[in-house]
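Welcome! Here is a short briefing to read alongside the sequence and the model. Take it one topic at a time, and look up each residue as you go.

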Amino acid sequence: MVMAAEVLNMYDCCSTRHNLRSDFQFITSAYFNWGLKTKMNFAKNQTSLLCKSVEQRKNPRVKLSRVASLEFESACEEEGTPFFEENEAFSENHPQQISPPWGNLSNQDSEDRNHFNSRSEISSKKTFDENEMYYLEERDEEILSNRLLNLSRSNKVRSALSLYRSMEFSDLLPNAHACNSLLSCLLRNRRIEVALEVFGFMKSKEIATGHTYTLILKAVASFQSCDAALRIFEESESDIRNKKHMDAIVYNTMIAIFAKTNNWGPPLKIWTSLKDNGLVGTAVTYRLLICVFVRCGQNELALDAYHEMVQNGLSPCDDAMQAIIGACSKEGKWDLALNVFQSMLKSEIKPSLVSCNALINSLGKAAKVELAFKVYNLMSSLGYSPDAFTWNALLGALNRANRPADALLLFDGIKKEYASVLNVHVYNTCLMSCQRLGLWERAMQLMWRMEASGFRVSVTSYNLVIGACEAARKPKMALEVYGHMVREKKSPDIFTLLSLVRGCVWGSLWDEVEEILESAPNGSLYNAAIQGMCLRSKIDLARKLYAKMRQIGLEPDGKTRALMLQNLRKR
């Protein structure tokens, strides 16, 4: 029995050794297989990272987090779990946290706690990196685009940008709507450089839309300059792939950018390019063009834009119509201005007071007095009170229609009922009427009234009064006004002196003529004096003055030469 027991014990011992040997071989084989699997995964990940780094200009920071899910967006804004960092590489001892096949070790819990604490310290010390990315469990581009859209609309620029970087890193393409929303979010936060990067990505993927270009062009013009926006516009226009996405709204944006600076050159070039590319402008296009051309004094271009607008079947708005009326007034096209004004009334668009005044002025320049007063009568029904510009336009219309006496009667009525609107321009228009009628006394009264009312009488006003004295053959009164003008420290111009010379010649004030010529030797003054003397048969005086004129190096005009030759033949 003892021997049997010993044999059994030896057998159990051998069996146990055999089992231990088998277990050890199994564990060794499993550990070898686990290490081989780890190295293969490491090599695979390194190859994938090498391919991705070609597309990344900077070494990004990738985080294993649930940022791709909208419900975890707040956690993404505050914390993230680093998967690998810039200066961090995978090693055989820590490849993707793959556990050995025999399960947890005895000290695994303590190591996990230490690892968690160290990671928390790193997370609390790190700063925001706009190139950080997250591992995306979701691979559906539409779902991710919607998440990007919602993050951008919520103005969560950090999460939105991280999600965009992650999608770009993972070769996932967000849709145009999401990218445009991201652009708006970035521009709201004044991230123009990042926005330009997103814009370049959209162009490379051919998902840029007209709204994309509008956002970028406005931002570049605001943050940089109008010329920088124009360069981006021209580059995009020359790109055949993306040119098809540039619609009329993009062109309107560029026109509006330069319209704000009253620079009409680039809008004209953009307008030409719009037509060359086969696009048709909108009502906004022509309104912008008309307004900027009128403000810059390019009235012919404004009229061309208006005619093209009408040809395309577009109805101009009130701003464009009023600008066209102003352009017609400056260009003397009263009939077009009147047609536009009537179109505004038919469309139940209320013309402004400025438009009414511009139309009256345009009609007045064409001596259309009746039409001008009809527009004036219409102003009261529109609820407008006439101002100084209105009265000046009506007085000018009467003067151009050779009705200066009626202009003075109208002025008397204005002086009684609308004395508060009188200004220097209204007085000058009445002085013009006095000059034509030779009413020197009335002209001098108006001049005294202007000075008494506190108006600064200009050289033009004094010239008109002197001209009225000349027309009335009152040279001495003209000289008095001239002396008063000098005492008021107003420098006479060539028109002042010409009027004085002509008046003194006709009044036979030869000494005064010589005094004026010596104070201001001028060829025009000498010609006027010599011609007047010849017409007054003062040939000797004319010859002396002619010789003096040539002596001081002044050239006579053709009329002066002809008169001198004619009088020499008579002698």
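A residue counts as buried when its relative accessible area is under 20%, as exposed when that area is over 50%, and as partly exposed in between. With this in hand, phenylalanine 201, at 9% relative accessibility, counts as buried. Please keep in mind that this is a predicted model.

**The chain as a whole**

- The secondary structure of the protein chain comes to 29 helices and three strands.
- Of the 571 residues in the protein chain, 44% are buried.
- Take the contacts in the protein chain between residues at least 6 apart in sequence: 66% of them join residues at least 24 apart.

**Aromatic pairs and a cluster**

- How many aromatic pairs are there? The count comes to nine aromatic pairs.
- In one of these, tyrosine 164 and phenylalanine 201 have ring centres 5.5 Å apart and planes at 85°, so this pair is edge-to-face. The label follows because planes over 60 degrees apart count as edge-to-face.
- Tyrosine 164 belongs to helix 5 (residues 157-169) and phenylalanine 201 to helix 7 (residues 192-204), so their pairing ties together parts that are 37 residues apart in sequence.
- Tyrosine 164 has 2% relative accessibility and therefore counts as buried, and phenylalanine 201 is buried at 9%.
- The rings of tyrosine 427 and phenylalanine 455 have centres 5.7 Å apart, with their planes at 55°, so the pair is tilted.
- Tyrosine 427 is in helix 21 (residues 424-437), while phenylalanine 455 is in the loop between helix 22 (440-452) and helix 23 (459-471), so this pair ties together parts that are 28 residues apart in sequence.
- Are the two partners buried or partly exposed? Tyrosine 427 is buried, with a relative accessible area of 2%, whereas phenylalanine 455, at 25% relative accessibility, is partly exposed.
- One aromatic cluster is formed by Phe373, Tyr376, Trp391 and Tyr418.

**Charges over rings, and a cavity**

- Lysine 275 has its charged end over the ring of tryptophan 271, 4.3 Å from the ring's centre.
- Arginine 473 lies over the face of tryptophan 506, at 5.1 Å from the ring centre.
- Arg473 and Trp506 also appear in the lining of the largest cavity, together with Glu470, Lys474, Pro475, Gly503 and Gly507.
- The count comes to one cavity of 30 Å³ or more, and the largest cavity has a volume of about 30 Å³.
- Which classes of residue line the largest cavity? Its lining has two nonpolar, two polar and three charged residues.

**Two buried helix residues and their contacts**

- Alanine 443 lies in helix 22, and its relative accessibility of 0% counts as buried.
- Outside its neighbours within four places in sequence, alanine 443 is in contact with Leu431, Cys434, Val465 and Ala468.
- For one of those partners, alanine 468, the C-alpha atom is 6.9 Å from that of alanine 443, although the two residues are 25 apart along the chain.
- Asparagine 361 is part of helix 17 (residues 353-365). With 17% relative accessibility, asparagine 361 counts as buried, because buried means under 20%.
- Not counting residues up to four places away in sequence, asparagine 361 touches Ser329, Phe389 and Ala393.
- The C-alpha atoms of asparagine 361 and leucine 394 are separated by 7.3 Å, and these residues are 33 apart along the chain.

**Two loop residues with positive phi**

- Most residues other than glycine have a negative phi.
- Glutamate 206 has a positive phi of about 60° although it is not a glycine. You will find glutamate 206 in the loop between helix 7 and helix 8 (210-223).
- Serine 537, which is not a glycine either, has a positive phi of about 65°. Its place is in the loop between helix 27 (523-535) and helix 28 (539-551).
- Are these two residues exposed or partly exposed? Glutamate 206 is partly exposed, with a relative accessible area of 34%, and serine 537, at 57% relative accessibility, counts as exposed.

How values were computed:
Residues numbered from 1 in each chain as written. Predicted model: local features only at pLDDT ≥ 70, side-chain atom pairs only at ≥ 80, totals over all residues. Heavy atoms only, no water. Phe/Tyr/Trp six-rings, centres within 6.5 Å; stacked < 30°, edge-to-face > 60°. Helix = DSSP H or I, 4+ residues; strand = E, 2+ residues; numbered from the N terminus. Buried < 20%, exposed > 50% of the residue type's maximum accessible area, 1.4 Å probe, protein only. Lys NZ or Arg CZ within 6 Å of the ring centre and 35° of its normal. Contact = heavy atoms within 4.5 Å. 1 Å grid on protein atoms, 1.4 Å probe; cavity = no way out; pocket = protein on both sides within 12 Å on 5 of 7 lines; lining within 4 Å. Points joined across faces, edges and corners; volume = space filled by probe spheres on them. Nonpolar A, V, L, I, M, F, W, Y, C, P; charged D, E, K, R; others polar.
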